[in-house]
Amino acid sequence: MDGMKGEVIKVSGPLVVAKGLTGARMYEMVRVGELGLFGEIIEIKRDEYSIQTYEETEGLGPGQPVVRTGEPLSVELGPGLIRSIYDGIQRPLDVLARDFGEYIVRGTQRPALDRSKIWGFVPVAHTGDTVKGGDILGTVQESALVSHKIMVPPGRMGTVGQIGPVSGNVDTEVAVIEGPDGPFGVTMVQRWPVRDSRPTKRKIAPTQTMTTGQRIIDMFFPIVKGGTACVPGPFGSGKTVVQHQLAKWADAQIVVYVGCGERGNEMTDVLMEFPHLKDPTTGEPLMERTVLIANTSNMPVAAREASVFTGISIAEYFRDMGYSVALMADSTSRWAEAMREISGRLEEMPGEEGYPAYLGSRIAGFYERAGAVICIGSDDRHGAVSIIGAVSPPGGDLSEPVVQTTLRVVKVYWGLDDKLAFARHFPAINWLASYSLYQEIVDSDADDTVDKMWSVNRRRAMTILQKEAELDELVRLVGIDALSLEDRLLMQAARMIREDFLHQNAFDDRDTYTSPRKQFMLLNLILRYYDEIRTGLADGATLDALLKLNVLDEITRAKLIPEDDLERFRSIESDIVNSIRALVW
Amino acid sequence: MGNIIREYRTVKEISGPLMLVDDVEGVTYGELAEIKMEDGSIRRGRVLEVHGKKAMVQVFEGTRGLSPQDVRVKFLAKGMELGMSIDMLGRVFDGSGRPMDDGPAIIPEKYLNVNGNQINPYARDYPNEFIQTGISTIDLLNTLVRGQKLPLFSGSGLPHSRIAAQIARQATVLKTGEKFAVVFAAMGITFEEAEFFIADFRKTGAIERSVLFINLADDPPIERLTLPRMALTTAEFLAFEKDMHVLVILTDITNYCEALREISAARKEVPGRRGYPGYLYTDLSTIYERAGRIKGKKGSITQIPVLTMPEDDKTHPIPDLTGYITEGQIIILRPLHTQGIYPPVDVLPSLSRLKDKGIGVGKTREDHSDVMNQLYAAYAQGKNARELAVILGESALTEEDVLFVKFSDAFEDRFVRQGEYENRTIEESLRIGWELLGMLPPNLLKRVRDEFIERYYPKSS
């Protein structure tokens, strides 16, 4: 075919310009040079095709061949995604390491889904059923936690002809469907162009809480299934630990973790740790529900640009099965920088700080792929994709474009504070600056399911923290002695909320996850103590004695009480009451 | 393209460190070039961009004295490579990788491309082996592990070189049968600084196990761009082919970044913050990410990059972007230095991200984590109280605050401060830590588990 093969005319870093590709489309994939490097067409000017190359371009020069693939950058979707680790363009890193050694070799490719794995397909649909895009034909047990639904590809329809239990690799035909244009076979694998959202029947407003086991998040700044959140913070403030904690403990059925332009060792950490961590609800290893995408900072920037799209397409695919999926992107700033670098090489007119003018629309477009939806298919099942994006603002400066454009679209903001991090207060989420627009949804949910005092307590605790911030200013000016006795008690309560509730050690087995029930009891305990010391003060106990009760130690250690021993909270409560009564008597 | 030697006399433009060669054929991106001058001397360059018949070449030694009419440019059909040999140990090289001591030429075992390849994240092994540097603020509070990249954030006039040298000197405690090497990459530092390191390595005999790459302040700045890559290629060779534990000291990254900015400006690229190119992060990561361990390999690469923060400003793009890539940072603080405390490590904002997996039972000691957290918390509280006392006077402090102020003073004086040749074991650091915690009543030590208080809290004094 004419124009299927062209030649390189210019190479500048990751940007290659080729000619002779007449008929090629924007965002079509090409193979560049003798090594067959992967690239994508991102600009067309007459017969000049600008290509962003996903691999290092050293050794590439004018005259070398460029071959079209006729297809946009696409992912393979099917059984075998779970437990995989891919690079930004869905090359399986484990297989590459096995076949090509410990360094990434250019131009190498292996199928994203392992063809040697055999899956057992169990049909759900029957011969004669009328089906359309999204309908479930059958299931494959992909991992201990995931039953993989084999669906009719979007846009297809017909009557099921042949179907039956079968085992084989992902290319195995599981059903034949008599469509309006003749019969077609359905295998276990679909391809999807990553830059397009997968279709849904319609989006719905999210209503379900996503529990994370992180006290400051669940209690004060909660997120819902299908929601969006961002975690901006300077380096060292613990963005990655927050992301890891959510990937570990969020009650999503599928987790897609995109390491986008970050550290190699962090991905190794996830890879080594997740198989050993148990999901708190099912007891199975967390890896059994996880897909990893690792495009570390030193890997080519163009593939970094693609990595978030690869991730979100995989997330949407699982959503279509009716699952609730959480996607973590660490960090979206690196993604934006990749766009900036490519844009600079294209000599586009820069917007703010050198970022391309389309930065805002790209970021918004990405987060908009999150949401709670009614999936395509006849059964109206619900699915959800939540996105949690880390942002790494230069110098911690929140006024920079990536933070600002992100804040315009996300509903939850967990602002990390390096001052808290220096004081080793983790998670270093600033409780005065952060917000969640899902608060009301979660409050009414938790009031029903956890305790009717949930939202009342939360509001009280937040008021105490805000009051503390005001009093703190005063203390800095005139000293603690200038405060009234009541205010001293409030300062004490606020300190306990901070240290004994908000502070949570991700590296302590007993503290890393707290159920909503225990979160409630813990906060309730502190508030109870506060009520009691106020009564005690009114009844004549001295401030000093109230602030130095032995029972304080018990409250401090209450966060370590095991989930199956929550009765102990009651005994601590009565200890509080008794010890204060003893003071007054 | 093959082996045809392609020599061109078609230099059309020279601008800054860049040269435009026209009518070229078969030139590729990243290719190495030799630039021959009339007098027979040779400079080297690298292709930064090739467009049709035009190639843009960056000249490492600079373009001073070049004239378009005189020079001949030969493209070598390969990227920048460096010959590798175990005999590089004990030798000193210049910024182009040529020996600059009086030793014999190196006979390479093999040639490696200095840009290296990216380690497949799947093939990485997690760094979790404790390295004892003998410096308490690092070992106990910001633990370094093998395969980590932990920079020193410093400022002009601060003793970062002495600290880096002390780490190189002391971080060599090994299990039997292990091999250790230091690769030292000096970019644009002064003769005196370079001499300080060389003399120190000589004095301690470390030079035998060291490979030094030196580009001094008056050497061509563009060489600074390839120098760290040569150093790291050498480190990779020693670590992953010769099973050595390699410590790489890169100093000073600030000079490296300035060289990068110079090239970027010469290419008229759209600048990012403070004139540094938008790809500074990506570029730095291709240096820093070359630290690590690989599954199934015995060796490791640990990096200590040193950078001087302009105006001690941590939000300057160089420390900022570095901090986003490296696994923590050790911050050197001017006020502590002024007080005469060596090493003036600012404990609170310093951080080692990989410490948690390198400490504890079987690695250091069971109480390490708790002691570390408690020292941090107590020191932070003491410093806060001290600030308060500055505004309100000592009398405004509560009894407890006074105690913490005393603690933090003693902490700086006895824990942070140590001799330049004082090599503390982790047990000694822990002992000093407990002595200091002994100044506080046990009920204030909330971050330490009871069992450890019982076992280690100093009994009556």
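These are my notes on one helix pair in chain A and one domain pair in chain B.

**Set-up.** I worked on a predicted model, where local features need pLDDT of at least 70, side-chain atom pairs count only at pLDDT 80 or more, and totals for chains, interfaces and linings use all residues. Residues are numbered from 1 along each chain as its sequence is written, chains are lettered from A and ligands numbered from 1 in the order in which they are written, and side-chain values use heavy atoms, with hydrogens and water left out.

**Entry 1, helices of chain A.** I looked up H7 (residues 359-367) and H8 (residues 401-409) of chain A. Helices here are DSSP runs of H or I, at least four residues, numbered from the N terminus. I found an angle of about 45° and axes 9 Å apart. Axes are lines fitted to C-alpha atoms over the stretch in contact, and angles run from 0 to 180 degrees between N-to-C directions. H7(A) and H8(A) are therefore oblique to each other (not under 35, over 145 or 65 to 115 degrees).

I then listed the contacts (heavy atoms within 4.5 Å). A:Leu359, A:Gly360, A:Ile363, A:Ala364 and A:Tyr367 of H7(A) meet A:Pro401, A:Val402, A:Thr405, A:Thr406 and A:Val409 of H8(A). By class, I noted seven nonpolar, three polar and no charged residues (Asp, Glu, Lys and Arg count as charged, Gly as polar).

**Entry 2, domains of chain B.** I read off domain 1 (7-79), domain 2 (82-357) and domain 3 (368-456); the bounds come from an automatic or database assignment. The C-alpha centres of domains 2 and 3 of chain B lie 32 Å apart. Their contact takes 31 residues from domain 2 and 24 residues from domain 3.

How values were computed. Helix = DSSP H or I, 4+ residues; strand = E, 2+ residues; numbered from the N terminus.
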